[in-house]
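User: I'm new to this structure and would like a close look at one helix and its surroundings. Could you walk me through what is buried there, and then show me how that part fits into the rest?

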Amino acid sequence: MFAAASLTAAFGGLGDAFTTANPDVDVRFNFAGSSDLVAQISDGAPVDVFASADLTTMAKLTDAGLAAGEPSTFATNVVEVVVEPRNPLGITGVADLADGDLVVVQCAPGVPCGSYAVQVFANAGITVTPSSYEENVNGVVTKVTLGEADAGIVYRTDVIAAGDAVEGVPIPDEINVVAEYPIAPVADAPNAAGAQAFVDFVLSPSGQDILAAYGFGPA
Amino acid sequence: MPFPALVLAGITVAFFALPLVGLLWRAPWSNAWAYLTDDTALTALRLSLVTSLCATALSIVFGVPLAWLLARVSFPGRGAVRALCLLSMVLPPVVGGVALFFALGRRGIVGQYLDEWFGITLPFTTAGVVVAQTFVSMPFLVITVEAALRLLDPRLEEASRTLGASRWYTFRRVTLPAIRPALVAGAVLAWARALGEFGATITFAGNFPGTTQTMPLAVYLSLETNPEEAIVLALVMIAISFGVLLGLRDRWFGSVDRSAQVAA
């Protein structure tokens, strides 16, 4: 199972529930930036299921003929500004990130989270010059947790997953983006039946409940 | 040469050659020039060369005295000090980067004072890239030069001193020429290591075009969006490294004979 980095916590929970319901199945995950994963699958990595953080990256897979079926959107997400606990710099919104003295980090534009960040900045009509482009959301969260960056743009689910280590500053719906997460079984999967079973489970009410518990929006 | 050994050697050469051949095969030759002259590529290349050369210079300036200390001065705990200085050679680079954070980052042991007192921050700056590269590459120079200094016959230096030469003169005109091949080899190794550094750089210095995005980082990121460009950039790095290794070949192999001669 290849899944976007932002799904680390949620799919861990889904994996546990799936294994409890199907004890003879062994579920293994590889979490990374969605674009990295597509590159690996394109190069021939043996994968059963792929879950991406945006439709564009999933399209790269389907365009290359590497998906075994039509992708289904299984969850949605929004982005948030992530800051240190107790928000020492008093950041109130995205507009504050345009301040040149702030150390802002985001995902690289080629990664879904990065392209969402660029969109949000455009929606807000501001120019933000980040100090670093990270390879995935975990990199952004780490830099903020360690105190190296003042603020970052990550998914709301990442803020929830990081718990007390960070604080989130919500972005108003008018300028926010809705990230749609598609999932699809991969062509030539080593375990095609298992792949379909997992996809069905994710789309089922119990799967959706688990995703909601981690902060994802409905499909 | 016995046939089985020849076969093994042949397989090994193929092992090293195959990835390179693979790259050459998949390279998009028709678009290659466009990718090469692309802003991203040229910026990353220039940054890589500048930072790796700075890191090599720092490695020489600080590494040679360290090598001298470890080779010539006997003090309690010398073994531990040597292990400490060479640690970053075996440490996974990302671990090195994280460790540099805790030392020199904004909240680091020393870093917080650098920030408070002098307003100097190293993460996300080109200086940070140089620091990360020096951290991982200096041990290669230290280990090479230390070995050469140990092999060096101290009587040559003693003779120079008894003839009235100052310590600095002796070092400059007797010691340095004698260890020159090892110094050059060590500098080349350090430079190559600095040029290829990825983990510590992306963790400690971050990734931003023009400031901290060195070639390895540019290759990694373009692999996600444009694999063809990544291949071309990778080939550029290989070509440069290959050229340097080819050019300095004689000096490298010369070091073994020279040191043996001097010690005799």
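Analyst: Let's start with helix α12 of chain B, whose buried residues are Glu229(B), Ala230(B), Ile231(B), Val232(B), Leu233(B) and Ala234(B). Please keep in mind throughout that this is a predicted model. What do those buried residues pack against? Their partners are α1 (3–26), α2 (32–36), α3 (39–72) and α11 (215–225), which belong to chain B as well. The helix itself covers residues 227–247 of chain B, 21 residues in total. At 1.5 Å a residue it should span 30 Å, and its end C-alpha atoms are indeed 30 Å apart, so the expected and computed spans agree.

Now let's step back to the chain that holds this helix. Chain B has 13 helices and 0 strands, so you will find no strand to look for when you trace it. Buried residues account for 36% of its 264 residues. Its C-alpha trace spans about 65 × 65 × 30 Å along the principal axes. Of the contacts in chain B between residues at least 6 apart in sequence, 77% link residues at least 24 apart.

How far can you trust the picture here? The mean pLDDT of chain B is 88, and 94% of its residues reach 70 or more. Confidence is highest in α7(B), with a mean of 94, and lowest in helix α13 (residues 249–263) of chain B, with a mean of 53. For the complex, the predictor gives an ipTM of 0.78 and a pTM of 0.83.

The next stop is the largest nonpolar core, which has 124 residues. Val49(A), Phe50(A), Val154(A) and Val145(B) are the residues with the most contacts inside this core. Helix α7 (residues 126–151) of chain B gives the most to it, with 13 residues. Domain 1 (2–76 + 180–213) and domain 2 (79–169) of chain A both give residues to this core too, so it lies between them. Val145(B) is a good residue to zoom in on: leaving aside neighbours within four places in sequence, it is in contact with Gly63(B), Val64(B), Ala67(B), Ile179(B), Ala182(B), Leu183(B) and Gly186(B).

That brings us to the two domains of chain A. Their C-alpha centres lie 26 Å apart, and 12 residues of domain 1 are in contact with 13 residues of domain 2. On the side of domain 1 that touches domain 2, α1 (8–21) and α2 of chain A are the elements giving two or more residues. That side of domain 1 divides into 6 nonpolar, 5 polar and 1 charged.

Finally, where do the two chains meet? Here 16 residues of chain A are in contact with 15 residues of chain B. On the chain A side, α2 (34–42) and β7 (132–134) each supply at least two residues. The residues on that side of chain A comprise 7 nonpolar, 6 polar and 3 charged.

To return to your helix: its buried residues run from Glu229(B) to Ala234(B), and they pack against four helices of chain B, namely α1, α2, α3 and α11.

Terms used: Residues are numbered from 1 along each chain as its sequence is written. Chains are lettered from A and ligands numbered from 1 in the order in which they are written. This is a predicted model: local features need pLDDT of at least 70, side-chain atom pairs count only at pLDDT 80 or more; totals for chains, interfaces and linings use all residues. Two residues are in contact if their C-beta atoms, placed from the backbone, lie within 7 Å. Ala, Val, Leu, Ile, Met, Phe, Trp, Tyr, Cys and Pro count as nonpolar, Asp, Glu, Lys and Arg as charged, and the others, Gly among them, as polar. The expected span of a helix is 1.5 Å times one less than its number of residues. A residue is buried if 20 or more other C-beta atoms lie within 10 Å of its own, exposed if 12 or fewer, and partly exposed in between; C-beta atoms are placed from the backbone. A nonpolar core is a set of buried Ala, Val, Leu, Ile, Met, Phe, Trp, Tyr and Cys residues joined through C-beta atoms within 7 Å. Domain bounds come from an automatic or database domain assignment. pLDDT is the predictor's confidence in each residue, from 0 to 100.
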